[in-house]
Amino acid sequence: MRNVDEDSITQIVLARQAQAQDPRLKQVMTSVVQHLHAFARDVELTEEEWFKGIQFLTDVGHITDDKRQEFILLSDTLGLSMLVTALNNRKPEGCTEATVFGPFFVEHAPHYENGEDVANGAKGEPCFVSGRVTGLTGEPIPNAHIEVWQADSDGFYDVQYQGEEGSKGRGSLRSLEDGSFHFRSITAESYPIPHDGPVGRMLKALGRHPWRPAHLHFMIEAPGYERLITHVFRDGDRYLDSDAVFGVRSSLIADWRRHEPGVAPDGSRVETSFSTLSFTFILNREAATEGGDKR
Ligand code: BEZ
Ligand code: FE
């Protein structure tokens, strides 16, 4: 094909990829090309701007490694992560809502028994977390696999500390027979997402702040139920209405009750002020399989 011009190029590119074997890949790439071309036409993209965009994406790639995922930060701050989460987590009324995964989950975090301290030395005021995992009709879900992870009071996840090994402020546990669970950790504080790279520069140029309201991450899995990836947010946080990654749902905001030094829920004496948090997670049943039975 010769003499491709600004009017013909979109259809010509689409025709060139029309033989793609995978129908879903073809559908997705058709839409990508259409929307990219429409965007360039819409803003009359200059060559200089296009090159700046390429340079920006190159910078995003260069700063990304196994500890720093700038592409996820980019997706999160553009609202794409939350949009994909919303599209893929339409649940019946009453189920706990999902929110963004974020870049700081780590597989194979240590396993804890109920009552143990997942902070494992992470800096912060003690927090005693309890809750239940149930289905929509209130049925307790025992033995659910619960992953929890959070930043410390300086706003950093353990993996952000260079040269330090070991899990702090993260771990897994199992719900008990009645669906309940409890553990000790530290009180969540608001923190800025990493903003010393290209995404931070983008936020600054757009007049946006990088802060996330205080939250605790959870991922909960149980046979027969959909996996839930969510957070619990701390009521009263100043960033609840301007989360840098658009992840706040009203139903996920909970009261972190402050307590003066004294006896904690586990009976131990705490010499500093501490907080308590209680939250019930309601999981959605997996769709029935073709044979009609539910797994
Ligand atoms: C987080 O909550 O861990 C997070 C989410 C999105 C971007 C950065 C951090
Ligand atoms: Fe977080």
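**Exercise 1. Find the residues that form a negative surface patch, then place Glu-6 in the chain and decide whether Glu-6 is buried or exposed.**

Step 1. Look for the acidic side chains: Asp-5, Glu-6, Asp-7 and Glu-44 make up a negative patch on the surface. Keep in mind that you're looking at a predicted model.

Step 2. Now place Glu-6. You'll find Glu-6 in the segment before α1, the helix that covers 9–16.

Step 3. Check the cover. Glu-6 has a relative accessible area of 63%, and exposed means over 50%. So Glu-6 is exposed.

**Exercise 2. Get an overview of the protein chain: how many helices and strands does the chain have, and what does its C-alpha trace span?**

Step 1. Go through the secondary structure: there are six helices and 13 strands in the protein chain.

Step 2. Turn to the dimensions. The C-alpha trace spans about 80 × 50 × 35 Å along its principal axes.

Step 3. Add the burial. The protein chain has 295 residues, and 41% of them count as buried.

**Exercise 3. Work out the strand order of the open sheet of five strands, and name its edge strands.**

Step 1. Read across the sheet: the order is β3-β2-β7-β8-β9, and the pairing is mixed.

Step 2. Pick out the edges. β3 (170–174) and β9 (253–254) are the edge strands, as each of them pairs on one side only.

Step 3. Recall what holds a sheet together: strands pair through backbone hydrogen bonds, in either a parallel or an antiparallel way.

**Exercise 4. Walk through the sheet from β3 to β8 and say how many bridges join each pair of strands.**

Step 1. Start with β3 and β2. Strand β2 (residues 145–149) pairs with β3 over five bridges, in the antiparallel sense. For a landmark, find Glu-147, whose bridge partner in β3 is Ser-172. As for cover, four of the five residues of β3 are buried, which leaves this strand mostly covered.

Step 2. Move on to β7. Five bridges connect β2 with β7, and these two strands are antiparallel. Here Val-148 sits opposite Phe-218 of β7.

Step 3. Go on to β8. Strand β7 (residues 215–221) and strand β8 (residues 228–234) run antiparallel and are joined by six bridges. You can trace two of the partnerships: Met-219 with Ile-229 in β8, and Ile-220 with Leu-228 in β8.

Step 4. Look at the turn. β7 and β8 make a hairpin with six residues between them, and Gly-224 in that turn has a positive phi of about 90°.

**Exercise 5. Explain why β7 is largely enclosed by the rest of the structure.**

Step 1. Count the residues under cover: in β7, six of the seven are buried.

Step 2. Draw the conclusion. With six of its seven residues buried, β7 is therefore largely enclosed by the rest of the structure.

**Exercise 6. Take three of the salt bridges and say which parts they connect and how covered their residues are.**

Step 1. Begin with the idea: side chains of opposite charge can pair when their charged atoms come close. In this model the count comes to 13 salt bridges.

Step 2. Find Arg-68 and Glu-70, whose side chains form a salt bridge at 2.8 Å, N to O. Arg-68 counts as buried at 15% relative accessibility, and Glu-70 is buried too, at 0%.

Step 3. Next come Lys-123 and Asp-154, which meet at 2.7 Å, N to O. Lys-123 is in the loop between α5 (80–88) and β1 (126–135), while Asp-154 is in the loop between β2 and β3, so this pair ties together parts 31 residues apart in sequence. Asp-154 counts as partly exposed, at 40% relative accessibility.

Step 4. Then take Arg-285 and Glu-139, with their closest N and O atoms 3.8 Å apart. Arg-285 is in the segment after β13 (274–283) and Glu-139 is in the loop between β1 and β2, so the link joins distant parts of the chain, 146 residues apart. Arg-285 is partly exposed, at 37% relative accessible area.

Step 5. Finish with a network: salt bridges with shared partners join Arg-68, Glu-70 and Asp-196.

Technical notes:
Residues numbered from 1 in each chain as written. Chains lettered and ligands numbered in written order. Predicted model: local features only at pLDDT ≥ 70, side-chain atom pairs only at ≥ 80, totals over all residues. Heavy atoms only, no water. Patch = residues over 30% accessible without salt bridge, like charges linked within 9 Å, V, L, I, M, F, W, Y side chains within 5 Å. Areas by Shrake-Rupley, 256 points an atom, 1.4 Å probe, with all protein chains shown as cover. Salt bridge = Lys/Arg side-chain N within 4 Å of Asp/Glu carboxyl O. Lys, Arg positive; Asp, Glu negative; His and termini not counted. Charge placed at Lys NZ, Arg CZ, Asp CG, Glu CD. Buried < 20%, exposed > 50% of the residue type's maximum accessible area, 1.4 Å probe, protein only. Pairing = 2+ DSSP bridges.
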